[in-house]
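Visitor: I am new to this structure and would be grateful for a close look at a single part of it. Please take one helix and explain how it is placed, before turning to what lies around it.

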Amino acid sequence: MQISSDDFVSRIASDSSLLGLMRTSIVLVLAALLALAPSCKNKSTEPAGGSAAGSAMGSAVAETGSAMGSATAPTPPPAPAGPTDPQIAAIVVAANQVDIDAGNLAIKKTKNPEVKKFAELMVTDHTAVNKGAVELVTKLKVTPEETDASKGLVAGGADNRAKLEKLDGAAFDKAYVDNEVAYHKAVIGVLTSQLIPSAQNAELKSTLVGVKPAFDAHLEHAEKLQASLEGGGGSAMAGHKM
Amino acid sequence: MKLGLILLVAVACGSNKPAPKILHVDIRGMKFEPDALAVSVGDTVEWTNQDLVPHSVTSAAFDSKAIAPHATWSYVARTGGDFAYNCTFHPMMVAAIIVR
């Protein structure tokens, strides 16, 4: 199942089952991801020499300016409609690292073997994806460029871990897995709506497309684990055993 | 002359048995492609991991352990049977080889 980022914000806001503390950190991370859209729109329509503004506000101002400008000045040359390839590289690396760090914390803290197995898989897979991403951008001679979105991801991940550190036992497991479900939904949403459409280099775009099924599988796994924890803790992957 | 005829018949009979083949399965997008493959005893099946994450090819009869991204693992089908397999890392990935 796939939802839009906006749907996801609404769900987070209305889902009373999520712990309040998790909601805060998820929204922080999501806000970082969503910052992509307005900031990119701002960039594409901002007149040359215009000053930077808050992302949402800047977007609205830039759109007004663009509409007014169209009556009195030549249309500016088309600009990329989303993050640049160096910015995408930084976002991808940050998004993976956030999940690696959360996974390492879960491996250390959980006593639930299914949660531990899931956390180990997150560390293995996201480490592998980051290795592949770094190898690709090195080959393409693309230097990752940090943005508010990538910095926000890192900050949101640190905030999440700080809150998880204070939990133990079943409370920790639930908070970690709930966050993994929400985080993967958010990342898949932004990957689909922002990063893949914006990627300019064909190999980078192909890599982003190729990695999405792994994130989809992680989400499916996390949702099964979440249901298992809520139902008393049976095997989350029992239906998949050979 | 008689010996030559015997040799010719022997070679002709031998050529009826198909040579072992190498068949390929791609691991791509968290799927095995194809997800069902019929092979003959003696054939080699070669799996190549085209994903960025590690996978395995694991059944009751064989186990590749972790196959790194872009790496390949081979299995020679020596006994007949239907062999369902999955990836131990991502158990929702399932497929089968049918050895005849």
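Guide: A residue is called buried if 20 or more other C-beta atoms lie within 10 Å of its own, and exposed if 12 or fewer do. The model is a predicted one, and the part chosen here is helix α7 of chain A, which covers residues 148-165.

Let us begin with its length. At 1.5 Å a residue, the 18 residues of this helix should span 26 Å, and the 25 Å between its end C-alpha atoms agrees with that.

Next come its sides. The buried residues of α7(A) are A:Ala149, A:Ser150, A:Gly152, A:Leu153, A:Gly156, A:Gly157, A:Asn160 and A:Leu164. Viewed down the axis of α7(A), these buried residues lie within an arc of 155°, and therefore they line one face of the helix. An α-helix has 3.6 residues a turn, so residues three or four places apart point the same way. A:Ala162 and A:Glu165, by contrast, are exposed on the other side of α7(A).

Beyond the helix, chain A also meets chain B. Their contact draws 16 residues from chain A and 13 residues from chain B. On the side of chain B that touches chain A, nine residues are nonpolar, three are polar and one is charged.

Chain B itself contains one helix and seven strands, with the helix placed ahead of the strands from the N terminus on. Of the 100 residues in chain B, 31% are buried. Among its contacts between residues at least 6 apart in sequence, 42% join residues at least 24 apart.

Terms used: Residues numbered from 1 in each chain as written. Chains lettered and ligands numbered in written order. Predicted model: local features only at pLDDT ≥ 70, side-chain atom pairs only at ≥ 80, totals over all residues. Contact = placed C-beta atoms within 7 Å. Nonpolar A, V, L, I, M, F, W, Y, C, P; charged D, E, K, R; others polar. Helix = DSSP H or I, 4+ residues; strand = E, 2+ residues; numbered from the N terminus. Expected span 1.5 Å × (residues − 1). Arc of directions from axis to C-beta.
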